[in-house]
Amino acid sequence: MAITLRALLAIDELDLRPLNDHSTANNTAITWGAVTELLNPADFLTGREIVLTTGVRQKTTASQREFVRTLAENDVVALGFGTGLGHKNVPATILQTANEVGLPVFEVPYQIPFAAITRVIAEALNADHLKRLERLLRSHQKLTRALLSSDLQTMLGELARILNTDVALTLYGECISGDFDPQRDWNSLPVATGIRDKCVLHLAKPYAADPLIEYAQSLVGLEVANNARLLSSERQSNGQVLADLAAGTLTGADAAVRVGALGLNPKREHAVILIQTTAQPERLHALPLPAELSSQVSVIVEDRLAIIVAHNQLQASVARLDTYLDDAGITARVGYGGRYPNTTGIRWSYFEALEALSHGDRVNVPNKLSLTSLLLAARDVPLQDLAEEALGPIRKFDATHDSDLEQTLREYLNRDGSVGAVAESLGLHRNTVRYRLQQIAELSGYDPNITSDRVQLWIALSALELG
């Protein structure tokens, strides 16, 4: 550490001679030795240094008294007065005033250059700095070794031991390491990872400031970003299994083997939860799951995050996901399917979740699996093209004439073909509704009054909404 006043005065080669009581400052570390001949050196003092002077400009007792008081007011450790040049002895006024303000004074003999004193202080500071660097390097090595040989949790445990305080890490508001109690007093430091994941390193107060903390932040950022890339890659790779199940190209024993490779028991009941967002869907690729769902299998299918849930707390999990996404600042819709056994059940649950998403709510409850939903989920049926062929002319007419034929059709289908209910809902006369239905039939080629045509129009609307 930096040299103390006691240690400095004890160096025989310097022959420094204490002239008053310095016991209160004996163990004070000296930050520097300031050499000055100014009458008022206040602007050049930073505190906890010793001041060395020959007093050549201090000709009056008033200037000597003011000089000593200035040093005391600026937290100077001690005054070293060089004799044999301006003054044969340390002036009595200097000592008297120093005793009054409690400032230690020592005499520096003429043959001892001030540079010899400042060199001793500098060497002590350099040695102290070297020790800190060596300690910091050892701490860097410990953290890096802990991370490379084990994991992020182990590294943060090592950081906690070095700092002698509790350490926690949160990601999207979820604690992923340590025990984060919001009621405690923490210093929360943001961690840069290159992605918008709200990663924060929390250090429990009190703790000693340490440059190691910045290095730890960098290591955490790199590890979190690396884990996110690995998670994204794994989810996209595993997503092919669910995609093949949905497409019907993976069945029987092959399906059981590939589902088992994901860590799922193909004989158990499973439910599928889907999360979809139109704003930056790539954020879902590496989104960590809340603790309640972290053990469940998650995959990416068509930029949707699918979670295959093996437990029976489905509704609670969906509610937790909705809260979690909101807290993370991710605007998304959640849809889920029912629980079914075997690999075929995963497929049915996926279809139900997919259809539920088309409802457009924040949380979408599934309907009973229908032929419509199966048609909408089929990738080998050109429903989008057929839907565009039927509804394209209607949409074009609406855009050209500022009309609401598509809205009228949707209301008519949602209200079981009741002209009166549509008129009341849209604030129209019944004859206006009938006229619009006639226009829809002429433009699309499908008459909403005919059951088979109504089914075609319903599927077309659903297909465009899902698309």
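**Entry 1: the second largest pocket**

I began with the lining of the second largest pocket, which by class holds 12 nonpolar, four polar and three charged residues. I note here that the model is a predicted one. I then looked up the extent of this pocket and recorded about 300 Å³ of space in it. The lining comprises 19 residues. Nearest the centre of the pocket I found L231, R235, L289, S294 and Q296.

Next I asked which elements each supply at least two residues of this lining. They are β7 (174–177), α6 (212–247) and β11 (297–301). I also asked which element gives the most to the lining. That element is α6, with four residues.

**Entry 2: the hairpin of β6 and β7**

Since β7 supplies part of the pocket lining, I followed this strand to its partner. Strand β6 (residues 167–171) pairs with β7 over three bridges, in the antiparallel sense. I located L171 opposite E174 of β7. Two residues lie between the strands of this hairpin. I checked the backbone there and recorded for Y172 a positive phi near 55 degrees.

**Entry 3: the five-stranded sheet**

I traced an open sheet of five strands and wrote down its order as β1-β5-β4-β3-β2. The pairing within this sheet is mixed. Which strands lie at the edges? I identified β1 (17–18) and β2 (33–35), each of which pairs on one side only.

I then examined how β1 is joined to strand β5 (residues 105–108). The two strands run antiparallel and are connected by two bridges. For P18, I found the bridge partner in β5 to be F106. As background, I note that strands of a sheet pair through backbone hydrogen bonds, either parallel or antiparallel.

**Entry 4: the packing of α12 and α14**

I turned last to helix α12 (residues 405–414) and helix α14 (residues 430–444). Their axes are 10 Å apart, and the helices pack at an angle of about 105 degrees. Are the two helices roughly parallel or roughly perpendicular to each other? Angles of 65 to 115 degrees count as roughly perpendicular, and α12 and α14 are therefore roughly perpendicular to each other.

I listed the residues that make this contact. From α12 they are L405, T408, L409 and Y412. From α14 they are V433, R436, L437, Q439, I440 and L443. By class, I recorded seven nonpolar residues, two polar and one charged in the contact of α12 with α14.

Note on methods
Residues are numbered from 1 along each chain as its sequence is written. This is a predicted model: local features need pLDDT of at least 70, side-chain atom pairs count only at pLDDT 80 or more; totals for chains, interfaces and linings use all residues. Side-chain values use heavy atoms; hydrogens and water are left out. Axes are lines fitted to C-alpha atoms, for helices over the stretch in contact, and angles run from 0 to 180 degrees between N-to-C directions. Angles under 35 degrees count as roughly parallel, over 145 as roughly antiparallel, 65 to 115 as roughly perpendicular and the rest as oblique. Contact means heavy atoms within 4.5 Å. Ala, Val, Leu, Ile, Met, Phe, Trp, Tyr, Cys and Pro count as nonpolar, Asp, Glu, Lys and Arg as charged, and the others, Gly among them, as polar. On a 1 Å grid over the protein atoms alone, a cavity is a set of points where a 1.4 Å probe fits but cannot get out, and a pocket is an open set with protein on both sides within 12 Å along at least five of seven lines; lining residues have an atom within 4 Å of a point. Grid points are joined across faces, edges and corners, and a volume is the space filled by probe spheres set on the points. Two strands pair if DSSP finds at least two bridges between them.
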